[in-house]
Amino acid sequence: WNVSWFYNLESIEIGDNCFNDVAIFEIKEMPQLRSLKIGSYSFGGNQKNHSNGKIKSFCIMDCESLELIEIGDNSFHSFEGRFKLQNLKSLKTIRIGSIYKDSFNVYRCSCVIRGIANNEHIII
């Protein structure tokens with residue numbers, strides 16, 4: 001799942017229960033992108049839809065205007081590869097899952113966060 005060729009998008013919003021068969025989530029070099037919101041149970045979040053032998057990975061990098069990343073409960077649940085955020089100089093807020101209950105987001109991934117200069121709130 002790669003929307004980087006829509007380089008002029010300012011916002012991406014994905015609802016609940018979407019793209020459950022996607023193995024690679026990647027957003028790169030989108031200079032206008034300011035916010036990314038993903039609902040619950042998306043991108044393999046459904047427990048019935050585990051990796052099926054595929055290594056699943058999540059990557060957002062080189063999006064200089066991105067300020068907000070929000071990911072709902074149980075999204076990217078079966079992702080087992082890498083969870084990478086890199087060169088997101090305007091990023092202020094990351095919210096992954098709920099702070100009030102177990103949300104089972106990307107809990108099998110190794111996490112890499114690099115080049116985030118002005119981070120204000122990171123909730124994982």
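Good morning, colleagues. I begin with a cluster of rings: Phe19, Phe25, Phe43, Phe58, Phe76 and Phe83 are linked to one another through ring pairs. Please keep in mind throughout that this is a predicted model. Across the whole structure, a search returns seven aromatic pairs.

Let me take two of these pairs in turn. Phe43 and Phe76 are stacked, with 4.9 Å from centre to centre and 5 degrees between the planes. This pair connects distant parts of the chain, since Phe43 sits in the loop between E3 and E4, while Phe76 sits in the loop between E5 and strand E6 (82–86), 33 residues apart. Both Phe43 and Phe76 are buried.

The second pair is Phe58 with Phe83, again stacked, at 4.5 Å centre to centre and 15 degrees between the planes. Here Phe58 belongs to strand E4 and Phe83 to strand E6, so the contact ties together parts that are 25 residues apart in sequence. Are these two rings buried or exposed? Phe58 has 0% relative accessibility and therefore counts as buried. Phe83, with a relative accessible area of 3%, is buried as well.

I turn now from rings to charges. How many salt bridges does the structure hold? There are three, and I shall describe each of them.

In one of them, the side chains of Glu26 and Lys28 meet, with 3.8 Å from N to O. The two partners fall into separate classes of accessibility. Glu26, at 18% relative accessibility, counts as buried because the cut-off for that class is under 20%. Lys28, at 30% relative accessibility, counts as partly exposed.

Another salt bridge joins Glu67 and Arg34, whose closest N and O atoms are 3.8 Å apart. Which parts of the chain does this pair tie together? Glu67 lies in the loop between strand E4 (57–61) and strand E5 (68–71), and Arg34 lies in the loop between strand E2 (24–28) and strand E3 (35–38), so the parts held together are 33 residues apart in sequence. Glu67 is partly exposed, with a relative accessible area of 31%. Arg34 is also partly exposed, and its relative accessible area is 41%.

The remaining salt bridge is formed by Glu70 and Arg95, with the closest N and O atoms 2.6 Å apart. Once more the pair links distant parts of the chain: Glu70 is in strand E5 and Arg95 is in strand E7 (residues 93–96), 25 residues apart. Glu70 is partly exposed, having a relative accessible area of 23%. Arg95, at 38% relative accessibility, counts as partly exposed too.

This brings me to the strands themselves. E5 and E7 pair in the parallel sense over four bridges. Within that pairing, Glu70 stands opposite Arg95 in E7. These residues are therefore partners in two respects, as they face each other across the paired strands and also form a salt bridge.

What is the sense of the pairing between E3 and E5? These strands run parallel, and four bridges join them. One example is Ser35, whose bridge partner in E5 is Leu68. Strand E5 thus takes part in a parallel pairing with E3 and in a parallel pairing with E7.

To close, let me return to two points. Phe58 and Phe83, from E4 and E6, are stacked and buried. Glu70 and Arg95, from E5 and E7, form a salt bridge and are partly exposed. Thank you for your attention.

Methods. Residues numbered from 1 in each chain as written. Predicted model: local features only at pLDDT ≥ 70, side-chain atom pairs only at ≥ 80, totals over all residues. Heavy atoms only, no water. Salt bridge = Lys/Arg side-chain N within 4 Å of Asp/Glu carboxyl O. Buried < 20%, exposed > 50% of the residue type's maximum accessible area, 1.4 Å probe, protein only. Pairing = 2+ DSSP bridges. Phe/Tyr/Trp six-rings, centres within 6.5 Å; stacked < 30°, edge-to-face > 60°.
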